[in-house]
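User: Please take a close look at one part of this model, the empty space in and around the protein, and describe what lines it. I would also like to know how far the coordinates can be trusted before I read any detail from them.

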Amino acid sequence: MKRAVALSGGGTKGSYELGVWKALRELNLDYQIVTGTSIGAINGALMVTEDYDKAYQMWNSITMDDMMEDGINLTTTIEGMIEQKEAIRPFLKKYLKNKGADISPFSAFIAKMIQEERVRESKIDYGLVTVQFPSMTPCEMTREEIPQGLLQDYMIASAAIFPLFPMHKIGDITYVDGCYHDNLPISLAIRMGADQIIAVDLHTTPAHLNYEKRPYVTYIKPSRPLGTMLNFDHELLMENADMGYRDAMKVYGEYYGYVYTFYKDGITARRKSVIRFMRWMAYIDWAVVRDTPAKKLNKKGDFNRVHTALAGRSGKTYMSEIQYFLAAAEICGSFFGMDVRPVYRIQDFMKELLKKLKDVDFVDDIDTILKKGNIELAGVLAELKWKNEVRRIVAGIYTALREDRVEVKALAMLQTVFPEELAAACFLHAVSDL
């Protein structure tokens, strides 16, 4: 067996790959090949030489000054851009002069971080992706195909994300970032002989939907967005590294969860809560089926929007009882503002949710709301959503369920207009014995 690690491009989002690497080390998963594009090519070279500590130090200390002269930190906030307004003029001046940012610090950074001979001497094979310009000819290059003494040059070429970074010239040929061909080089890993691949994406939407479904590909992607590709905020970089670690551990079954993360121990101990929640799921199905013509039930897509909401959380068409339970827990957690960063024990997570529930001034006229016509109900829903009163809706449905005030027809209506809120309320009802 030959196992490869394929690493995505994405600028400073690449700290996520450090976290995945940490998980692979803890899981004792070895690899014989590493392929990468852009920042993935840089992280990949360090994985080839097995310099984890060096990679950690890089991500723990990297700044904009390591990348470019007079650079600006690309945050997603208006406030962040305003704070940098004094830096924009010198950045643009050098940007126009160099036909891209002045990345002379980046070239020096690569020279310091990557030792070509160590990459070439490693027992782990290496490949990267770049693209010739202007022909846009893809260049998938293995270690053996890269001329001696030019490895660092080709790594810079792989990361030449024009127009932000300037194109990179090697000899008479000009190159741009490998992302313009393949931002996650799984196919290169296959060409290099891999029959097992760990693919690390830096985007929540997979770069390769087909490969994601292959049984020999273990696909790891962020459980939530990683931010912009040039954001050097240290706290964000370390949070993304932690996310990479947790997401990898979830893929390999060491943790549970989707956006949130849960320890495995304790979940099986809540078997009674899981069963109670599944009874609610079956009961909602019955409420919908009871008065729905068979013709409508046989249409494509799920007839129960609660199940659609839960499946959307996991991205899977088939889910186990525990996966359903955790999807509802996460929906509830997002409504009540639970922090996504810690690793939770499910018992503590549920207790904190119930504590937050007590502080909510719930919608106590849920019965009246549900008896309105469809047009009126849509108006009520829009108003409540606009007022950001989702917690009140959830608390109101939960209270009505607990006091047995929701009629069957009303339950069917709820799954249509408040599917996520209903799932959250059913979850709270199932764990309310804590």
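Analyst: The quantity to begin with is pLDDT, the predictor's confidence in each residue on a scale from 0 to 100. This is a predicted model, and its protein chain has a mean pLDDT of 86, with 83% of the residues reaching 70 or more. Residues 77-88 fall below 50, and in the model this stretch has seven contacts beyond near neighbours in sequence. Where pLDDT is low, the predicted coordinates should not be read in detail.

Turning to enclosed space, the structure holds three cavities of 30 Å³ or more, and the largest cavity contains about 200 Å³ of space. Its lining is made up of 17 residues, and those nearest the centre are Gly11, Ile39, Met67, Phe106 and Phe165. Three helices, α2 (39-48), α3 (52-61) and α6 (104-113), each contribute at least two residues to the lining of this cavity. Sorted by class, the lining of the largest cavity has 14 nonpolar and three polar residues, while no charged residue takes part.

Open space is a separate matter, and here the largest pocket holds about 850 Å³. It is lined by 26 residues, of which Val251, Gly257, Tyr258, Ser314 and Lys316 are the closest to its centre. Both strands and helices take part in the lining of the largest pocket, since at least two residues come from each of β8 (217-220), α11 (234-251), β9 (255-256), α14 (305-314) and α15 (321-335). The classes in this lining are eleven nonpolar, nine polar and six charged residues, whereas the lining of the largest cavity has no charged residues.

Two further places concern burial rather than empty space. Helix α20 (residues 408-417) is largely enclosed by the rest of the structure, because seven of its ten residues are buried; these are Val408, Ala410, Leu411, Ala412, Leu414, Gln415 and Val417. The other place is Arg270, which is found in the loop between β10 (261-263) and α12 (271-290). With a relative accessible area of 11%, Arg270 falls under the 20% cut-off and therefore counts as buried. The side chain of Arg270 also makes a polar contact, at 2.6 Å, with the side chain of Ser273.

Definitions and conventions: Residues numbered from 1 in each chain as written. Predicted model: local features only at pLDDT ≥ 70, side-chain atom pairs only at ≥ 80, totals over all residues. Heavy atoms only, no water. 1 Å grid on protein atoms, 1.4 Å probe; cavity = no way out; pocket = protein on both sides within 12 Å on 5 of 7 lines; lining within 4 Å. Points joined across faces, edges and corners; volume = space filled by probe spheres on them. Helix = DSSP H or I, 4+ residues; strand = E, 2+ residues; numbered from the N terminus. Nonpolar A, V, L, I, M, F, W, Y, C, P; charged D, E, K, R; others polar. Buried < 20%, exposed > 50% of the residue type's maximum accessible area, 1.4 Å probe, protein only. Contact = heavy atoms within 4.5 Å. Polar contact = N/O pair within 3.5 Å; in protein donor to acceptor, adjacent residues only side chain to side chain.
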